[in-house]
There are 2 protein chains.
Amino acid sequence: MPDSLPSGRPNKRDRLISAARDAIHCHGYAATSLATIAEAADVPLGNVYYYFKTKEDLVRAVIEDHEALINATLETAAAGPTPLGRLHNFVAELRKQSEVVVEHGCPLGCLGQDLDKAGPGLENESRRLFAAQLLWFETQFREAGKGEESKALAIHMLACIQGASALCERLSSAEVLTNELDLLDGWLHQLA
Amino acid sequence: MPDSLPSGRPNKRDRLISAARDAIHCHGYAATSLATIAEAADVPLGNVYYYFKTKEDLVRAVIEDHEALINATLETAAAGPTPLGRLHNFVAELRKQSEVVVEHGCPLGCLGQDLDKAGPGLENESRRLFAAQLLWFETQFREAGKGEESKALAIHMLACIQGASALCERLSSAEVLTNELDLLDGWLHQLA
DNA sequence: GTCTATAGTTTGATAGAC
DNA sequence: GTCTATCAAACTATAGAC
């Protein structure tokens, strides 16, 4: 019988993914052991391998989880009348994460670097973390009439977000992130 | 008798630091073993501990090496008549590193994240990697008459560089980096 | 200063009882 | 599906001969 549904806590598979996501965000992929993840998820170590054949398989599920989370955020931000307004909405969503970012960095950005450094099985997965964001940004810019420039604008916007998040963590200053997001809002305003 | 000076290759200590710097840049701190570093430096594993008491000590020496390298780059860029011209010079130096960045990311940025994720002994060392750069940027902006705004401008410039480098590696596109550096040059020009 | 051998621990992964 | 016990490999670090 399945272990989830109306009952108290999520099933073991989801608990493992969630625990892996958090541990990898805090300590990095290479430094996070399956034992740590299993303990945090309250699942016996040997049982992990029933749900995920390898550590690589588990992090692949974590990537999918991140993709679902960012897609949900994009859907939230999509509730706005104008394309530039929707981009402002997304920036507003980022502001809510500043406490997490100052502590452990951007979840997507950190995992992206980890994947680029990881072995040959994972090194091409990092672009997936940013694909949805980039496409959504580009779509908004295109709808705002930016034409062929839209893709470059999307990349620039994501680069600013990633750089601001990295520096925010490195300097342990949430103000760094909020200041840079202010600049981003100003930049968007100027594009109108 | 010392193992360096006019002879062929650097002494063992410097070889270890250089090998550690490269391996950590390629594969990350946590995933890089002392055995790998020792082999690349052509030093027996047991001998590493004569020069560095722990792996942490070795990465601390790598940090100092990075600080020396970035200081040398800043000195090169400092050869210019105007402060904004010197900032343009620095951007020009960054352009020369685009092949390395697209392959393994910004050496300072990657190590910075690794240090933030590492244990309590290293997590406060990452800001040292950026301190010299930030101070030098701020000095140039101040000399350009930007006053109290100078520090914020320095942080913004470094954030743009770091975000561009990260996305350049993530998307395996050197063009991402060069495009963003073009924007940075344009931004500096506009500040004049 | 240099190097071999190895201790002691942790890791990813498996076997097999229930 | 679940869990204990454990393997084989890799790791940081040390001991001790030279």
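Begin by selecting DNA strand C in this predicted model, together with α3 of chain B: this helix supplies four residues, the largest share of the surface near the strand. Across that whole surface, the residues divide into six nonpolar, six polar and two charged.

Next, display the residues around DNA strand C. There are 14 of them, and those that come nearest are A:Leu34, A:Tyr49, A:Lys55, B:Lys12 and B:Tyr51. Colour the strand by sugar, phosphate and base: sugar and phosphate make up 69% of its atoms that come within 4 Å of the protein.

Three contacts to phosphate oxygens of DNA strand C deserve a distance label. At B:Lys12, an N or O atom of the side chain is 2.6 Å from a phosphate oxygen. At A:Leu34, the partner is a backbone N or O atom, which lies 2.9 Å from a phosphate oxygen. At B:Asn47, a polar side-chain atom lies 3.4 Å from a phosphate oxygen. Now add the helices: the elements that give two or more residues to this surface are α3 (45-51) of chain A and α3 (45-51) of chain B.

Move to DNA strand D. It is surrounded by 14 residues, the closest being A:Lys12, A:Tyr51, B:Leu34, B:Tyr49 and B:Lys55. Which helix gives the largest share of the surface near this strand? Select α3 of chain A, which contributes four residues. The elements giving two or more residues here are α3 of chain A together with α3 of chain B. By class, the surface near DNA strand D comprises six nonpolar, six polar and two charged residues.

Label the contacts of DNA strand D in turn. The side chain of A:Lys12 places an N or O atom 2.6 Å from a phosphate oxygen, and a backbone N or O atom of B:Leu34 lies 3.0 Å from a phosphate oxygen. Turn then to B:Tyr49, where an N or O atom of the side chain is 3.3 Å from a base nitrogen of DNA strand D. Of the atoms of this strand within 4 Å of the protein, 71% belong to sugar or phosphate and the rest to bases.

Hide the DNA and superpose the two protein chains. A rotation of 180° with 0.0 Å of shift along its axis places chain B on chain A, with an RMSD of 0.0 Å. This is the relation of a two-fold axis. To locate the axis from chain B, select B:Gly163, whose C-alpha is the nearest of that chain, at 1.8 Å.

Now show the interface of the two chains. Chain B and chain A each bring 35 residues to the contact. The copies meet through the same surface, since 100% of the interface residues of chain B are also interface residues in chain A. About 2,800 Å² is buried between the chains, 58% of it on carbon and sulfur atoms. Select B:Gln113, B:Lys117 and B:Arg170: they supply 27% of the area that chain B buries against chain A, more than any other three residues.

Finally, examine the polar pairs across this interface. Four salt bridges are counted between the chains, including one between the side chains of A:Arg170 and B:Asp116 (2.8 Å, N to O). On the side of chain B that touches chain A, the elements giving two or more residues are α1 (12-27), α7 (107-117), α8 (126-143), α9 (150-170) and α10 (174-191). End on α9(B), which provides the largest share of that side, 11 residues.

Key. Residues are numbered from 1 along each chain as its sequence is written. Chains are lettered from A and ligands numbered from 1 in the order in which they are written. This is a predicted model: local features need pLDDT of at least 70, side-chain atom pairs count only at pLDDT 80 or more; totals for chains, interfaces and linings use all residues. Side-chain values use heavy atoms; hydrogens and water are left out. A residue is near a molecule or strand if one of its heavy atoms lies within 4 Å of it. A polar contact is a pair of N or O atoms within 3.5 Å; within protein, one must be able to donate a hydrogen and the other to accept it, and residues adjacent in sequence count only if both atoms are side-chain atoms. Ala, Val, Leu, Ile, Met, Phe, Trp, Tyr, Cys and Pro count as nonpolar, Asp, Glu, Lys and Arg as charged, and the others, Gly among them, as polar. Copies are superposed by least squares on the C-alpha atoms of residues with pLDDT of at least 70 in both. Contact means heavy atoms within 4.5 Å. Buried area is the accessible area (1.4 Å probe) that two parts lose on being put together, summed over both.
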